[in-house]
Amino acid sequence: MRDLLLFLTSFSIISSCGSDQADAKVETHATDKATPVRLGYNLGKVVKIEMKKKLKEISGIHYLKDDLLAAIQDESGKIFTVNFTNGEIIKELEFGGKGDYEDLTLDDEFYYVLESSGKIYKVPRSGDISNTRTYEIPFQKKMEFESIFLDRVANKLLMICKNCPGKKNNALKYAYAFDIKEATFADDPVFSVDVSVLPASVNFEGTDIKPSASAIHPLENKLYLLCSVGKVLLICDLNGKIEQALALNPEIYNQPEGITFSPNGDMYISNEAGDNDQGNILQVKYE
């Protein structure tokens with residue numbers, strides 16, 4: 001892992017907005033020869049947008065259209081619409097009070113926002129928050145969740161636990177399903193991800209890996225599982241079997257908490273701010 005931290009950093013500003021907007025930057029980081037490579041992505045070359053103060057603790061993102069992303073921040077019950085090209089906040093939709101909001105996904109009519117307890121907020125995308133509904137997971141109260149994604153074929157939401165107490169094997173991260181039509185949680189996990197079994201290609205020396213966000217790749221039909229704790233990106237099949245694991249450079253991915261894809265495969269990863277930094281969103285182009 002130490003070898004992976006030896007990165008050379010350089011960047012050039014490719015566009016500059018007014019003083020009230022963020023700067024769009026391309027950052028290219030030279031990678032060590034041992035760094036695993038996945039066809040289609042260069043994780044060392046990113047387009048970076050710094051977020052405004054309201055999104056310092058940006059904890060989840062979802063692609064909308066064009067250059068627009070939906071975003072949430074950890075402690076505020078608001079859904080922000082953000083223009084990726086300049087970091088401008090286009091719209092704010094307040095659906096709840098203070099909480100511990102971790103991730104979001106959406107379908108054609110609703111946003112689905114996840115709290116760490118497993119509670120789901122179903123928020124109309126029309127903006128009529130009077131029709132917001134909440135659903136609380138009725139079991140495993142001490143579980144902690146940070147990731148949610150939509151299975152469009154089954155019309156279900158899937159949440160993968162970050163901490164899964166009460167299970168015999170702590171290395172297994174379980175996925176629980178919420179049926180949107182029936183508005184019910186399945187009692188048993190639909191699959192598990194064994195984070196103790198990483199492909200030999202990843203040079204990872206740590207033992208603690210915890211999922212912080214998840215998304216289905218629109219072209220590959222693979223589950224991408226982002227782990228802020230452990231600094232690794234897992235690529236899995238739809239049953240949770242890990243096919244590839246990519247170590248993330250902490251100089252770029254300092255606290256990665258959100259992941260989403262555009263229809264052409266471009267990947268977006270959001271970082272919560274450090275002590276002296278701003279939150280940001282990174283674009284990794286699909287080549």
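Tyrosine 135 is buried in this predicted model, and phenylalanine 178 is buried as well. A residue counts as buried when its relative accessible area is under 20%, so both side chains belong to the covered part of the protein. The structure holds 12 aromatic pairs, and one of them is formed by tyrosine 135 and phenylalanine 178. Their ring centres lie 4.9 Å apart, with 45° between the planes. This arrangement is described as tilted, because the angle falls neither under 30 degrees, as in stacked rings, nor over 60, as in edge-to-face rings. The pair also links distant parts of the chain. Tyrosine 135 belongs to strand E11 (residues 133–135), whereas phenylalanine 178 belongs to strand E14 (residues 172–179), and the two are 43 residues apart.

Aromatic rings come together elsewhere too. Ring pairs link Tyr41, Tyr224, Phe261 and Tyr286 into a cluster. Rings also meet charged side chains in this model, and two examples are easy to look up in the structure. The charged end of lysine 122 sits over the ring of phenylalanine 110, at 4.4 Å from the ring centre. Arginine 125, in turn, lies over the face of tyrosine 111, with a distance of 5.5 Å to the centre of that ring.

Turning to the strands, an open sheet is built from 4 of them, in the order E4-E5-E6-E7, with antiparallel pairing. At its edges are strand E4 (58–65) and strand E7 (89–94), each of which pairs on one side only. From one strand to the next, the twist averages 25°. Within this sheet, strand E6 (residues 76–83) runs antiparallel to E7, and 5 bridges join the two. A good place to look is threonine 81, whose bridge partner in E7 is lysine 91.

A further antiparallel pair is made by strand E19 (residues 232–236) and strand E20, again joined by 5 bridges. Here leucine 233 has leucine 246 of E20 as its bridge partner. Together, E19 and E20 form a hairpin, with 5 residues between the strands. In the turn, glycine 240 has a positive phi of about 85°. Is strand E20 (residues 242–247) mostly covered or mostly open to the outside? Mostly covered is the finding: 5 of its 6 residues are buried.

Conventions
Residues numbered from 1 in each chain as written. Predicted model: local features only at pLDDT ≥ 70, side-chain atom pairs only at ≥ 80, totals over all residues. Heavy atoms only, no water. Pairing = 2+ DSSP bridges. Axes fitted to C-alpha atoms, helices over the stretch in contact; angles between N-to-C directions. Phe/Tyr/Trp six-rings, centres within 6.5 Å; stacked < 30°, edge-to-face > 60°. Buried < 20%, exposed > 50% of the residue type's maximum accessible area, 1.4 Å probe, protein only. Lys NZ or Arg CZ within 6 Å of the ring centre and 35° of its normal.
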